[in-house]
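Trainee: Please take me through the inside of this model. I would like a close look at how the interior is packed and where space is left.

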Amino acid sequence: MSEAQHGFPILVTGAAGRIGSVGRMVTELLLARGFRVRAQVRVDDERAAMLRDLGAEVVVGDLLDLTAVHQAIEGCERLCFAMSVSPSYLEAAANVAVVAKHHRVKAFVNLSQMTVNEMDIFNTTPSPQQKQHWLVEQILSWSGLPAVGVRPTAFMEGFFLQSTKGITMQNKIMAPLGKGKNSAIAAFDVARVIAAILGDPVGHIGQTYHLTGPVSEDMDAVAREFSAALGRTIKYVDVPPEMMKEQLAAFGMPQHVISHVMTMAQLHRDNRYDRFSNDVERLTGVPPMSVREFVQRNAQAFAPATPSSAGE
């Protein structure tokens, strides 16, 4: 039997996440390679049932509950810590780190974000979430845990799938991103890197990897990629940041998340997302997907609205 078939289970936290769904995709990729996977979820719902159907061992519990964290980690030698944007992110990460150290975990892959690369003891951003990511990286550094840092830039899912209404109804990408460039990455490519590391962590311990898409381009260029993928003209429209902030509040988005999204928008306007790294291809042997490929894969989400759906 291979290690994948009989070894310790690999823990993936946040395995049922919706936005980006990196945890779910890491779980799927590892299971497809024959690894045993323990998938931590907060709620036992249809997403948890799907993970069980795939063959994962599902553990239900809140990462703020130390007992639940012990139940998730005990018996695992490798883990991926991934969690969606939350005011409780720092506490949850600290819990996982403390318990992982207690159980002598041999590989701790931390899904962070690339903005941390520009932060230090004197410099942070207005986003509490980004500051928490930086603090978690400091905790892992102090802990002596066998950590591997994974820092993706902005996710295509967050940048583009949030713009579907404008695209389907007006053929416009409407966002407050200015003229800055970005090299957004698909969650699937981030998941591929994490699965590769967890599958064989030797040589990765102590390393930090920066993940981007294949090219950095401004939003007008992104709109041209959409046009080529969808076969119709899509235009980028720069909207005032305050307009987006009001819309997010009207949708009932929590203030913590609004602060994070608006900080990202301002950083983009300041051209702070003009980044490139070849780490995805270097670690997996396959280049990350382009905007055009991402839009083609998600073409149904961007299909023109029918008259009936436009009026709903």
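Mentor: What follows covers the nonpolar cores and then the enclosed space. The model is predicted, so local features need pLDDT of at least 70 and side-chain atom pairs pLDDT 80 or more, while totals for chains, interfaces and linings use all residues. Residues are numbered from 1 along each chain as its sequence is written, and side-chain values use heavy atoms, without hydrogens or water.

The largest nonpolar core (buried Ala, Val, Leu, Ile, Met, Phe, Trp, Tyr and Cys joined through side-chain atoms within 4.5 Å; buried is under 20% relative accessible area, 1.4 Å probe, protein chains only) has 36 residues. Leu-30 and Ile-194 have the most contacts inside this core. Its main contributor is helix 9 (a DSSP run of H or I, at least four residues, numbered from the N terminus), residues 187-199, which supplies 8 residues. Beyond four places in sequence, Leu-30 is in contact (heavy atoms within 4.5 Å) with Ile-10, Val-12, Phe-35, Val-37, Ala-195, Leu-198 and Gly-199. Another core, of 27 residues, lies apart from the largest one and includes Phe-159, Ile-167, Tyr-273 and Phe-302.

As for space, there is 1 cavity of 30 Å³ or more, a cavity being a set of points on a 1 Å grid over the protein atoms alone where a 1.4 Å probe fits but cannot get out. The largest cavity holds about 50 Å³, counted as the space filled by probe spheres set on the points, which are joined across faces, edges and corners. Its lining (residues with an atom within 4 Å of a point) consists of Met-156, Asn-182, Ser-183, Ala-184, Pro-214, Val-215, Glu-217, Ser-290 and Val-291.

Definitions and conventions: Buried means under 20% relative accessible area, exposed over 50%, partly exposed in between (1.4 Å probe, protein chains only). Helices (H or I, at least four residues) and strands (E, at least two) are DSSP runs, numbered from the N terminus. On a 1 Å grid over the protein atoms alone, a cavity is a set of points where a 1.4 Å probe fits but cannot get out, and a pocket is an open set with protein on both sides within 12 Å along at least five of seven lines; lining residues have an atom within 4 Å of a point.
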